[in-house]
Amino acid sequence: MGDITKISESVYWVGVKDWDRRMFDALIPLPQGTSYNSYLVQGNEKTALIDTVNPGFEEQLRQNINRYSKVDSLDYVIMNHAEPDHAFTIQSIMNSVPKATLITSEKGAKMAMVQYDVPEERIKIVQDGDTLDLGGKTLKFIAAPWLHWPETMFTYLVEEKTLFTCDFFGSHTAAGFYSDEVEDLIPMAKRYFGEIMMPFRKLGAKALSKIEDLDIEIIAPSHGPIHRNPELILEAYKKWTAGETLEKVIVVYVSMWNSTRKMVDRMVQELVRAGMDVKVFNLENSDIGDIARELVDSRAIVLGTPTVLGGMHPLAVYGTYLVKALKPPAKYAVALSSYGWGGGSIKQAQEMLSGTKIEILGAIDVNGPPTDKDYQDIEKLSAELVGKIRENP
Ligand SMILES: Cc1cc2nc3c(=O)[nH]c(=O)nc-3n(C[C@H](O)[C@H](O)[C@H](O)COP(=O)(O)O)c2cc1C
Ligand SMILES: [Fe+2]
Ligand SMILES: [Fe+2]
């Protein structure tokens, strides 16, 4: 029986599938778990390990490596990214393999010393374009900073045209081995992009243009399936990093007694009628990964929140904060709100969204449940929003 973990002549996948994990960064839900992909590259003379695994899986990584080689014979550990889901196990490997050298970027070196106690003299810093000879196999390092931490880089195995990109091109799912076998690859990758890469999409675009002329047969990220037909994910990343938006509106709202909800419902009806692609999320029970995914290419955002204690509902504060932090390419927003006496939510929404590139086209603040006149205002605002969305591809 063949072993699919041998992904090319000299590369073995020695990673771990974490089916049980349900949260990442204490923030992002993982409906399908995730994987920590670590790769062993065997040259004629030297052996390198590219990235490691999450805390708790050290033993499994060791066992996986030992199937093909010996942990003790590792010459190099390549750290493309210092976050603990890929780098935590570096500490125990460096401790148990005295001859191993850690290879990373300049910023990565500092992080390895601070976070994983790797002694400075055991770290070799690589610059953009540097190469490492493993004997018949060459690793080339490509600076790709801020994807999504400052120290990130890619590693390219020249002879086998394999690009190791760590988080970039990844997806949080334990399912599948090759991406062409995974039915929901693009939605999962898009969700991951929205959560992790969207705030850095300009730098993502820069990294893409840097690898444009590289001959790539395999993209091996550190989460989710491996891309042995990389065109699909490259095309998707081109669009997502460029911030290409569609005639699409994401609606995020919360309502305690349904007044805001009625306003939102009418707005949604109008937008659907006008042919917009509308994605609606009640913040009370939404998965923020789904919201991040839809933010990747929505051209407008509708925010609905009642006034609570002089400001927005706390869930709407959370939702708006996330939108701000994720820096989606959306161009327009409108706010819908209901209040009981003094209001205050709209003012806070405007404050929160100021300083972003999102233009607030209008806000409707209603005392109690909406009246016929309020519905007319909502229809007008919806028409205005549709007009803007249409004129601005
Ligand atoms: C816990 C709570 C706090 C509220 N605080 C305010 C407030 O500070 N100012 C105000 O004008 N209305 C306040 N209201 C009234 C709501 O904004 C009002 O009932 C609104 O119509 C609710 O909209 P909804 O049906 O979409 O939940 C509060 C209501 C609740 C339940
Ligand atoms: Fe990361
Ligand atoms: Fe990661």
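Two strands are taken to pair if DSSP finds at least two bridges between them. With that in mind, a convenient place to enter this predicted model is strand β19, where L303 has A335 of β22 as its bridge partner. The pairing of β19 with β22 runs in the parallel sense and extends over 5 bridges. Strand β19 also pairs with β17, which covers residues 246-253, again in the parallel sense and over 6 bridges. Within that pairing, I250 stands opposite I301 of β19. The setting of β19 itself, residues 298-304, is mostly covered, as 7 of its 7 residues are buried.

Stepping back to the fold as a whole, the protein chain contains 12 helices and 23 strands. Along the principal axes, its C-alpha atoms fill a box of roughly 80 × 40 × 40 Å. Of the 393 residues in the chain, 48% are buried. Among contacts with a separation of 6 or more, 72% join residues that are 24 or more positions apart.

The surroundings of ligand 1 bring some of these elements back into view. The shell around the ligand holds 20 residues, of which M256, W257, T260, P306 and G340 come nearest. Two or more residues of the shell are given by each of helix α8 (259-273), strand β20 (307-308) and strand β22 (332-339). The largest share, 3 residues, comes from α8. Strand β22 thus appears twice in this description, as a parallel partner of β19 and as a contributor to the ligand shell. Sorted by class, the shell has 12 polar, 7 nonpolar and 1 charged residues.

A few backbone details are worth a friendly second look. Most residues other than glycine have a negative phi, and most peptide bonds are trans. Against that background, the peptide bond from L147 to H148 is cis, with omega near 10°. H148 is found in the loop between β13 (138-143) and β14 (153-157). Positive phi values are found at D51 and at L309. For D51, which is not a glycine, phi is about 60°. This residue belongs to the loop between β8 (47-50) and α1 (58-68). D51 counts as buried because 27 C-beta neighbours lie inside 10 Å, where 20 or more are required. L309, likewise a residue other than glycine, has a phi near 50°. L309 is placed in the loop between β20 and β21 (311-312), and β20 is among the elements that give two or more residues to the shell around ligand 1. With 9 other C-beta atoms within 10 Å, L309 is exposed, since the cut-off for that state is 12 or fewer.

The last site to consider is T34, in strand β6 (residues 34-36). This threonine counts as buried because it has 27 C-beta neighbours inside 10 Å. Leaving aside residues up to four places away in sequence, T34 touches D18, R21, F24, H172, T173, A174 and H223. E212, by comparison, is 178 residues from T34 in sequence, and the two lie 28 Å apart in space, C-alpha to C-alpha.

Conventions. Residues numbered from 1 in each chain as written. Chains lettered and ligands numbered in written order. Predicted model: local features only at pLDDT ≥ 70, side-chain atom pairs only at ≥ 80, totals over all residues. Near = placed C-beta within 6 Å. Helix = DSSP H or I, 4+ residues; strand = E, 2+ residues; numbered from the N terminus. Nonpolar A, V, L, I, M, F, W, Y, C, P; charged D, E, K, R; others polar. Contact = placed C-beta atoms within 7 Å.
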